[in-house]
Amino acid sequence: GDNYFSIGINGKNSEFHAAIGHCMLHKIPMLIDERKKISEQYDAELSGICARPTLPAETTYNYSYYPVFFKDEQMLLKVRESLNEKDIYPRRYFYPSLNNLPYHKGESCPVSENYSSKVLCLPLFYGLGADNITTICNIIKNAATT
């Protein structure tokens, strides 16, 4: 959910999880390449619909997320609702702005507040087929342009 009522933990994986991860290390380049292809399809299909964060040219990106920015929070909520109606559940990974958490009494952070209110991370995982990406993009285009 989008509600955070107290300070939590950043849970770490167990030794078992580490062992499975160790067995997968040799597949990392292939997994990143697949995620890159998915991201590139999203880029092509969503061009002009929503914005993407820009990365410095020298960045080596691992394609862990596919965040997009909508023009405002109302558009984000409309797109998310349209996707949810089709059992597609993108996440607001960077929401709320940390200064707005109920247990934090911080200063106003207008840039963080602005961006966190309109960023949505689309599904991105190994095996997400091209047809599924097209379906997701068509739902977004329809919701964003009506």
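In what order do the elements of the protein chain run from the N terminus on? Hello everyone, let's start there. The order is α-α-β-α-α-β-α, which gives the protein chain five helices and two strands. Please keep in mind throughout that this is a predicted model.

A few overall figures will help you get your bearings. The C-alpha trace spans about 45 × 40 × 35 Å along its principal axes. The chain has 146 residues, and 29% of them count as buried. About 9900 Å² of the chain is exposed, with carbon and sulfur atoms supplying 55% of that area. As for how the chain meets itself, take the contacts between residues at least 6 apart in sequence: 73% of these join residues at least 24 apart.

Now let's go inside. In soluble globular proteins, nonpolar side chains tend to be buried together. Here, the largest nonpolar core has 23 residues. If you want to find it on the screen, look for Y42, L46, F70, V79, L83, L122 and I140, the residues with the most contacts inside this core. Which elements give two or more residues to it? They are α2, at 28–46, α3, at 73–84, and α5, at 130–145. Helix α5 provides the largest share, six residues.

L122 is a good place to put your cursor. Leaving aside residues up to four places away in sequence, L122 touches Y42, L46, Y66, V68, L83, P90 and I140. Several of those names will sound familiar: Y42, L46, L83 and I140 are on the list of core residues with the most contacts.

From the core, let's turn to charges. The model has four salt bridges, and I'd like to show you three. One of them joins D33 and K37, at 3.3 Å from N to O. Both residues sit in helix α2, four residues apart, which is about one turn of the helix. Both are also partly exposed: D33 has a relative accessible area of 36%, and K37 has 48%.

Next, R52 meets D43, again at 3.3 Å from N to O. R52 is partly exposed at 27%, and D43 is partly exposed too, at 35%.

Then we have E73 and R92, with a distance of 2.9 Å from N to O. E73 lies in helix α3 and R92 in the loop between α3 and α4, so this pair ties together parts that are 19 residues apart in sequence. Is R92 buried or exposed? R92 is buried, with a relative accessible area of 5%, whereas its partner E73 is partly exposed at 23%.

On to the aromatic rings. There are six aromatic pairs in total. Take F69 and Y115, which form an edge-to-face pair, 5.2 Å centre to centre and with 70° between the planes. F69 belongs to strand β1 and Y115 to helix α4, so the pair ties together parts that are 46 residues apart in sequence. F69 is buried, at 17% relative accessible area, while Y115 is partly exposed, at 41%. Elsewhere, Y65, Y93 and F94 make up one aromatic cluster.

Let's move out to the surface for a moment. F16, I20 and M24 form a nonpolar patch there, and together they have about 300 Å² of accessible area. I20 is in helix α1, residues 15–24, and is partly exposed with a relative accessible area of 44%.

Finally, some backbone details to look up when you explore the model yourselves. Which peptide bond is cis? The one from Y95 to P96, with omega near -5°. P96 lies in the loop between α3 and α4. That loop also holds D87, which has a positive phi of about 60° although it is not a glycine. D87 counts as exposed, at 60% relative accessibility. Y63 has a positive phi of about 60° as well, and it is not a glycine either. You'll find Y63 in the loop between α2 and β1, where it counts as buried at 17% relative accessibility.

To sum up, we have walked from a nonpolar core of 23 residues, through salt bridges such as the one between E73 and R92, to the surface patch of F16, I20 and M24. Thanks for listening!

Methods:
Residues are numbered from 1 along each chain as its sequence is written. This is a predicted model: local features need pLDDT of at least 70, side-chain atom pairs count only at pLDDT 80 or more; totals for chains, interfaces and linings use all residues. Side-chain values use heavy atoms; hydrogens and water are left out. A nonpolar core is a set of buried Ala, Val, Leu, Ile, Met, Phe, Trp, Tyr and Cys residues joined through side-chain atoms within 4.5 Å. Buried means under 20% relative accessible area, exposed over 50%, partly exposed in between (1.4 Å probe, protein chains only). Contact means heavy atoms within 4.5 Å. A salt bridge is a side-chain nitrogen of Lys or Arg within 4 Å of a carboxyl oxygen of Asp or Glu. Patches are made of residues with over 30% relative accessible area and no salt bridge: like charges are joined within 9 Å, nonpolar side chains (Val, Leu, Ile, Met, Phe, Trp, Tyr) within 5 Å. Accessible areas come from the Shrake-Rupley method with a 1.4 Å probe; for residues, only the protein chains shown count as cover. Rings of Phe, Tyr and Trp (its six-membered ring) pair if their centres lie within 6.5 Å; planes under 30 degrees apart count as stacked, over 60 as edge-to-face and the rest as tilted.
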